[in-house]
Amino acid sequence: MKKMAILFWVCCTTAGYAQEFTVADPAMIGLFPQQNEIRNTLNLSGIWKFRKDSLEVGEQDKWQGGLQDFRPIAVPGSWNEQFTDSRDYLGLAWYETETFVPAAWRGQRIFLRVGSANYAAKVWVNGQPVGRHEGGHLPFAFEIGSRVQWGAPNRITIQVENKLSPARVPTGNVTGGFFSSYPKANYDFFPYAGLHRDVWLYSLPATASIRDITVKTGFNGATGSIELKVAADGAVKGGKAVISGNGRRFESPLNFVNNTATATIAIPDVRLWSPEDPFLYQIDVTIGDAKATLDHYALETGVRTVSVTDKELLLNGKPIFLKGFGKHEDFPIFGRGVANPVIVKDFSLMKWVGANSFRTSHYPYDETYMQMADREGFLIIDEIPAVGLYFHGDASELAQRQAMCRQYINELINRDKNHPSVIMWNVANEPMPADLNINGGSRGREASPESMAAFRDLFALVKEKDNTRLATVVGVMGGPAEWLGLGDIICINRYYGWYTHTGDLAGGVKILEMELDGLHKQFNKPIIITEFGADTYPGMHADEPEMYSEEFQTQFIKAYLDVAAARDFVAGMHVWAFADFKTGQGIIRFSGMNYKGVFTRDRRPKAAAHYLRSRWTGE
Ligand code: BDP
């Protein structure tokens, strides 16, 4: 009897407790917070209070009521880099800050938006539970108006947890994983933890507001078209969309039915967006009528199309070859925390070297990257954090990973759908078959039915959400070819001459040629090599190219580029990696670093960067 009563109490309290934290709604992250004549924003970045909770007692001891024994921490930033005792700490930790909500926001709807909390987060405002979110690298937002105190400081508490687990995406603590390192991430980059991006407060008008805008663009001859879908909250009947740019202005009314309005606007003599001319039109969406504007949101868009033939990637109907890199969000001391000067520097170095594209390996990047790419004319392969994915083993973990991948796709496309720079969605980097044998090449290896079903499901979701861009999966050396065939374009990472045919570049090149020709024959789709490269210790030289020397890296890159140049179905080459980056500790990662960057971690060029510049720019 007593046992029953206890069980009843536990169930009730667990259920009641779970209800208090709203699960973040991916529909709320479509529009980045914006300051204008109606909307307000307040960036809460700065020095916050921080405390580790290795015994996991914080919640029960009510740390949400005010953090004691804290130390200062910078937000954004990874906690692993800011102290002398926390590099490998991956458990629970608490963040707290205080802010007044500006008096002028009274009467408006108030939201809190966290740019990225790696990996799981719970949020309280003034000690009251607000919401929770799982998954790093993507934003989440909660409406917090009912918790706000006016004319007094408001305490914002965020609990972040970053345990490595096989049920999560990306996976960790996997037995027998390929990248065995410490901490035990199942991938080749450091599992940085914490609040990695800005935390914002923002306000929306209470009567009616714009919830989301979806832009699709196209053209026919000299006439462009911008198709808009606007979703609104509250009592809204009408509004308008104004498109301006290139000295022209186009306007269309918006008529809302069930809080949704659509419009297609023609742009005569359209100026198309491309890397050579990344021209952006401004779209101003307003709701209300002639007497009163209820809400306003402005965004930039480029008119362009993306498609493929059996051999080529087409931008605006014309072949384009991707030259660029796989990157990381990684810098000393910042860890994975967003660092605007590094973003600006990276774009200037990518331009200097003659690149026109990059992949957001191995997770979505901060929104600033996406805005910069729109403005600077870079093409992006936008990737969810599905690295190290596998389909064998525990079925319930597999189901959890699949659900997480679906959530990431939902969130990523909601967040990035309006960026002209994004040309492709990538649903996974190097998923691993149970029987990976990197020496075997990819042909002939069979994909399990579970894995095929999982990928079909992810590709269907991508297409349902966005049929204007390409979808792909980036394949591992030795992985099954069938996975690759599911995408619109084949993307593969190859390291013949490094991980196989070690040191024997000529031997590696031969198998690369054979595999490329075979893959194209099998699928009749263009191929991008999304990774190829060699670890290189800066300042290491050899007269005859030898592994780890700058000469070897240059030769390696040159050999791969030559193979690609001889094949009209290769549509792009992304060197791995843009810059050296931090990994866990392991026997193939000297000093916990991957040295395949053509720039050092602090962005100094190795010889390969100069080589790429001369090859890609002709200078
Ligand atoms: C691939 C991964 C990438 C690694 C790279 C390497 O996609 O994350 O950093 O190879 O080994 O396996 O350098």
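The legends below accompany close-up views of a predicted model.

**View 1. The largest nonpolar core and a second, separate one.** The largest nonpolar core brings together 128 residues. Trp48, Trp79, Tyr95, Ile158, Leu195 and Phe325 are the residues with the most contacts inside this core, so they make good landmarks to look for first. Helix α8 (residues 550-565) supplies the largest share of the core, with eight residues. A second core, separate from this one, has 28 residues, among them Ala208, Ile267, Phe279 and Tyr281.

**View 2. Two cysteines without a disulfide partner.** Why do Cys405 and Cys491 not form a bond? The closest cysteine sulfur to that of Cys405 belongs to Cys491, and because the two sulfurs are 17 Å apart, they are too far from each other for a bond. Both side chains can be found in the interior: Cys405 is buried, with a relative accessible area of 0%, and Cys491 is also buried, at 0%. For the model as a whole, the count of disulfides is zero.

**View 3. Asp295 and Arg39, a buried salt bridge.** Here the side chains of Asp295 and Arg39 meet, with an N to O distance of 2.8 Å. Asp295 belongs to strand β20 (residues 293-301) and Arg39 to the loop between β1 (22-23) and β2 (40-43), so the pair ties together parts that are 256 residues apart in sequence. Both Asp295 and Arg39 are buried. This salt bridge is one of 41 in the model.

**View 4. Glu367 and Arg113, a helix joined to a strand.** A salt bridge of 3.0 Å, N to O, connects the side chains of Glu367 and Arg113. Glu367 is in helix α3 (residues 367-376) and Arg113 in strand β6 (residues 109-114), which puts the partners 254 residues apart along the chain. Glu367 counts as buried at 6% relative accessibility, and Arg113 does too, at 1%.

**View 5. The loop between β11 and β12.** Take a look at two neighbours in this loop, Tyr187 and Asp188. Tyr187 is buried, with a relative accessible area of 6%. Its C-alpha atom is separated by 45 Å from that of Ala152, 35 residues away along the chain. Asp188 forms a salt bridge with Arg589, their closest N and O atoms being 2.9 Å apart. Arg589 sits in the loop between β32 (581-582) and β33 (593-594), so this pair ties together parts 401 residues apart in sequence. Asp188 and Arg589 are both buried.

**View 6. A salt-bridge network.** Four residues, Arg109, Glu143, Arg211 and Asp233, are linked in a network of salt bridges.

Definitions and conventions. Residues numbered from 1 in each chain as written. Predicted model: local features only at pLDDT ≥ 70, side-chain atom pairs only at ≥ 80, totals over all residues. Heavy atoms only, no water. Core = buried A, V, L, I, M, F, W, Y, C linked by side-chain atoms within 4.5 Å. Buried < 20%, exposed > 50% of the residue type's maximum accessible area, 1.4 Å probe, protein only. Helix = DSSP H or I, 4+ residues; strand = E, 2+ residues; numbered from the N terminus. Disulfide = S-S within 2.5 Å.
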